[in-house]
Amino acid sequence: DFFTLTNPPENPWLNVGEFERAAVSPYNYAFCVDWGGGYFMQSRVVLDVMTDVLYRIPGASANWPIDVVYNRQTQVEADRVVNTFKEAYQAIGICNAALDFYYEKKENPYPNASRDDVEKNLKRIVGELHFMRAFSYYHLLLMFAPAPADPDFKSKEVLPYRVSFANAEQASKPVYATADTLYNVILNDLLKAKKLLPDKYASGMHPSYQYGRANKFAARAMLARVYFRLGEFNKALAELDTIIDQNNGEYSLNEIPIEAFRHDNPQRGKEVIWYALYYDVQKGAIPKEATLFTYLDYRATNGGHGPYHRRSTWHTFSMSNDAAKRIGWMDSENHITDYALTDLRYKQLYWRLEGNCGTPGCGDPEYYEMQYTQVKEPHIWGDKYFRGTDGRFTNVPVIRLAEMYLTRAILRYRQGNLTGAANDLNVVRKRAWDAAATGMPFEVSDAFMTAATITEEAIHLERIKELAFEGDWLIYCENLALPVLPGERPGTEVVQPPYNGLYWVVPQEELDFRSN
């Protein structure tokens with residue numbers, strides 16, 4: 001009798017409304033852990049820092065080994081990398097527990113639920129669980145697994161295989177799987193998500209689904225990313241065509257670039273397919289990890305410039321001048337170019353500081369480097385984060401339509417559809433063109449490409465302008481078998497395909513279980 005529980009544990013989700021909690025929890029691990037960034041923001045920073053697009057400011061420091069990441073020492077543990085591993089698997093565990101419950105109940109856990117509740121909520125929740133498990137595994141594979149070009153991709157068992165909730169014994173004796181196997185898990189999950197998720201919020205769905213949650217277009221976008229990574233270009237193009245051409249006006253590039261990055265409210269920019277929600281002050285989550293590679297302090301207000309100027313005191317990585325010159329925003333003498341001044345992205349989403357001028361108070365700290373006095377050259381900083389009325393609660397785009405256009409452009413180009421590639425590139429450039437930039441030696445036609453003038457390099461450089469500081473460039477290079485350049489790292493060599501060793505070691509505390 002002593003060991004008989006008076007109130008034994010009950011199923012934690014007694015109805016569809018309570019099952020909503022299962023869908024919400026993985027988002028928290030993705031976006032709202034460890035300084036508010038979760039595994040999403042931590043992996044975004046790490047992946048960009050490893051590229052030639054970013055430059056490590058001398059004299060800057062942080063409370064974790066940033067030089068290990070910058071120097072691509074992937075066999076050394078770094079705590080942001082370790083945190084990504086832990087948080088992604090915590091999200092996967094939650095998804096597994098809820099999906100086990102749903103499928104063990106023969107996909108009918110609530111027989112008394114109304115048909116409307118099942119269609120609009122229960123199936124949607126299951127779609128979100130599959131989506132978030134896929135999203136979590138995707139980030140784990142980007143960080144901890146060989147690229148598809150690596151011979152180890154199909155042979156080396158790199159990560160714990162978890163597709164059901166593990167008890168203590170199972171957790172202590174993990175089964176490992178290859179990257180190839182786990183990408184198939186991701187694809188299966190995303191295909192189920194695409195089938196179950198709605199195009200958008202509709203009356204009768206849980207009201208929280210309106211804000212920062214994945215829909216069918218987000219699932220299609222993730223499928224496009226995964227197919228692109230696996231070299232299945234035709235399948236990627238099919239998803240991209242639907243996203244771009246059949247979204248019924250829900251997403252477009254008809255707003256200025258900053259509009260995607262300055263909402264600290266439930267709204268989103270028209271190009272934002274999916275965003276990480278931070279505007280809810282009750283949650284208290286802030287993506288502070290982004291301060292490492294962005295100009296503003298997370299407490300900046302009203303856009304963070306002019307009378308509201310508030311620079312971060314611990315940011316560490318600017319755009320490399322090497323990259324700025326490649327994309328045409330700096331000349332050989334590090335001066336700003338006329339070409340940059342015609343680009344709204346440069347004006348709205350990046351911030352240039354001139355080098356330190358030598359004596360205290362000699363320059364405006366909003367325009368001159370006064371924080372790191374040893375920095376004598378100008379640098380361009382990312383300025384995409386904390387841009388809302390209250391920087392602390394500014395949402396962060398996770399998937400944008402501009403990325404979809406640029407991915408379709410390069411895939412079309414590689415398949416010989418040069419007209420289609422030029423058209424997609426021009427849509428992105430048209431949105432970025434500053435029609436009010438007078439006195440520049442450029443005409444609008446100079447910004448646009450034709451089938452006769454477009455090049456693969458033009459698409460690559462456009463992607464840097466559009467997606468720098470969003471964790472994209474390293475993955476893009478690997479997807480297309482491009483060399484990973486050293487940038488401004490002294491003594492660092494080019495990393496050529498198949499990128500042997502360019503992925504992080506699994507945390508030792510997890511490996512200890514593997515050898516148990």
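Biologist: Leaving aside the neighbours within four places in sequence, which residues is L159 in contact with?

Modeller: In this model, which is a predicted one, L159 is in contact with F85, Y89, L140, L141, F144, V175, Y176, A177, L182 and V506, once its neighbours within four places in sequence are set aside. Contact here requires heavy atoms within 4.5 Å.

Biologist: What makes L159 stand out in the largest nonpolar core?

Modeller: That core has 167 residues, and L159 is among those that touch the most other members, together with F19, F31, F131, F135 and W274. The largest share of this core, 16 residues, comes from helix 5, which runs over residues 115-144.

Biologist: Why is the link of C357 and C362 called a disulfide?

Modeller: The name needs a pair of cysteine sulfur atoms within 2.5 Å, and the sulfur atoms of C357 and C362 are 1.7 Å apart, so the pair meets the cut-off and counts as a disulfide. A disulfide is a covalent bond between the sulfur atoms of two cysteines. A search of the whole structure finds one such link, and with 95° about the S-S bond the link of C357 and C362 is right-handed.

Biologist: Why are C357 and C362 called partly exposed?

Modeller: The term covers relative accessible areas between the limit for buried, under 20%, and the limit for exposed, over 50%. C357 has a value of 35% and C362 has 34%, so both fall in between and are partly exposed.

Biologist: How do you know that C32 is in no disulfide?

Modeller: The nearest cysteine sulfur to that of C32 belongs to C95 and is 15 Å away, whereas a disulfide needs the sulfur atoms within 2.5 Å. Seen from the other side, the closest cysteine sulfur to that of C95 is in C32, and because the separation is 15 Å, it is too far for a bond.

Biologist: Are C32 and C95 buried or exposed, and what values show this?

Modeller: Buried means under 20% relative accessible area; C32 has 17% and C95 has 0%, and therefore both count as buried.

Biologist: How many cavities of 30 Å³ or more does a search of the whole structure find, and what lines the largest?

Modeller: The search finds six, and about 290 Å³ of space lies in the largest. Its lining has 21 residues, of which Y138, R225, E470, G471 and D472 lie nearest the centre of the cavity. Among the elements that give two or more residues to this lining are helix 5, helix 8 (216-229) and strand 8 (396-400), while helix 2 gives the most, with four residues. By class, the lining divides into ten nonpolar, four polar and seven charged residues.

Biologist: What lines the second largest cavity?

Modeller: That cavity has a volume of about 80 Å³ and is lined by Y339, T342, D343, R345, R429, A432, W433, A447, E462 and K465. Helix 13 (418-432) and helix 15 each supply at least two of these residues. The lining holds four nonpolar residues, one polar and five charged.

Biologist: What makes the phi values of N334 and F386 worth a remark?

Modeller: Phi of N334 is near 70°, a positive value in a residue other than glycine, and F386 likewise has a positive phi, of about 65°, although it is not a glycine. N334 is found in the loop between helix 10 (321-326) and helix 11 (344-349), and F386 in the loop between strand 7 (379-382) and strand 8. With 9% for N334 and 2% for F386, each lies under the 20% limit, so both are buried.

Biologist: Where is P490, and why is P490 called exposed?

Modeller: P490 lies in the loop between helix 16 and helix 17. The term exposed needs a relative accessible area over 50%, and P490, at 77%, therefore counts as exposed. The C-alpha atoms of P490 and I125, 365 residues apart along the chain, are separated by 49 Å. P498 also has its place in the loop between helix 16 and helix 17 (508-514), and the peptide bond from P497 to P498 is cis, with omega near 15°.

Note on methods:
Residues are numbered from 1 along each chain as its sequence is written. This is a predicted model: local features need pLDDT of at least 70, side-chain atom pairs count only at pLDDT 80 or more; totals for chains, interfaces and linings use all residues. Side-chain values use heavy atoms; hydrogens and water are left out. A nonpolar core is a set of buried Ala, Val, Leu, Ile, Met, Phe, Trp, Tyr and Cys residues joined through side-chain atoms within 4.5 Å. Buried means under 20% relative accessible area, exposed over 50%, partly exposed in between (1.4 Å probe, protein chains only). On a 1 Å grid over the protein atoms alone, a cavity is a set of points where a 1.4 Å probe fits but cannot get out, and a pocket is an open set with protein on both sides within 12 Å along at least five of seven lines; lining residues have an atom within 4 Å of a point. Grid points are joined across faces, edges and corners, and a volume is the space filled by probe spheres set on the points. Ala, Val, Leu, Ile, Met, Phe, Trp, Tyr, Cys and Pro count as nonpolar, Asp, Glu, Lys and Arg as charged, and the others, Gly among them, as polar.
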